[in-house]
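Trainee: I am new to this structure and would like a close look at a single part of it. Could you take me through the sheet and what lies around it, step by step?

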Amino acid sequence: MIHPAKSIRTFIGSKDYNESIRFYKVLGFEVKSLDPKMSLVTVTDKLAFYLQDAYLKTWCENSMIFLELESDLESYWEAIKVLGLPDKFPGTKLSTIKHNDWGSEFFLHDPAGVLWHFGIFN
């Protein structure tokens, strides 16, 4: 079967909805309110996800998103590092770059514990 899909979007939660909105804006994503409890967060014109004003610890802390970059992971990591997210948003964590057999990645936890993987494949 061929799926005439245009995009696929996940839904993630937030522990403090307004703080998460600020976090994603500082990260450089566009945040558009859809209603008082949900926003569309746009990474690029084709990549987006929904941020909800909803929190369940086990859900948020077990949610992961992998953002595949085209190239230059090191420069992207540096650009995120200079934002100082762990100092501005309690609970956020930024790892160093890990090199694996399949490629390289680094991790960023958002304020609710959602784990972002930013990486490139070999």
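Mentor: A word on naming comes before the rest: helices and strands here are DSSP runs, a strand having at least two residues and a helix at least four, and they are numbered from the N terminus. Please keep in mind that this is a predicted model.

The sheet itself is open and consists of 4 strands in the order E1-E4-E3-E2, with mixed pairing. Strand E1 (11-12) and strand E2 (30-35) stand at its edges, and because each has a single partner strand, one side of each is left without a neighbour in the sheet. The partner of E1 is strand E4, residues 47-52, to which E1 is joined by 2 bridges, the two strands running parallel; in one of these pairings, Ile12 has Leu51 of E4 as its bridge partner. Helix H1, residues 17-26, packs on this sheet and touches E1, E2, strand E3 (38-44) and E4, while its direction makes about 160 degrees with that of E4.

Within helix H1 we find Ser20, which counts as buried because its relative accessibility is 0%, where the cut-off for buried is under 20%. Leaving aside residues up to four places away in sequence, Ser20 touches Ser14, Pro111 and Leu51, the last of these being the bridge partner of Ile12.

Strand E4 also leads us to the largest pocket, since E4 and strand E5 (64-68) each supply at least two residues of its lining. That pocket holds about 240 Å³ of space, and among its 13 lining residues Ile8, Leu47, Ala48, Ile65 and Phe66 lie nearest the centre. By character, the lining divides into 9 nonpolar, 2 polar and 2 charged residues.

Terms used. Residues numbered from 1 in each chain as written. Predicted model: local features only at pLDDT ≥ 70, side-chain atom pairs only at ≥ 80, totals over all residues. Heavy atoms only, no water. Pairing = 2+ DSSP bridges. Contact = heavy atoms within 4.5 Å. Axes fitted to C-alpha atoms, helices over the stretch in contact; angles between N-to-C directions. 1 Å grid on protein atoms, 1.4 Å probe; cavity = no way out; pocket = protein on both sides within 12 Å on 5 of 7 lines; lining within 4 Å. Points joined across faces, edges and corners; volume = space filled by probe spheres on them. Nonpolar A, V, L, I, M, F, W, Y, C, P; charged D, E, K, R; others polar. Buried < 20%, exposed > 50% of the residue type's maximum accessible area, 1.4 Å probe, protein only.
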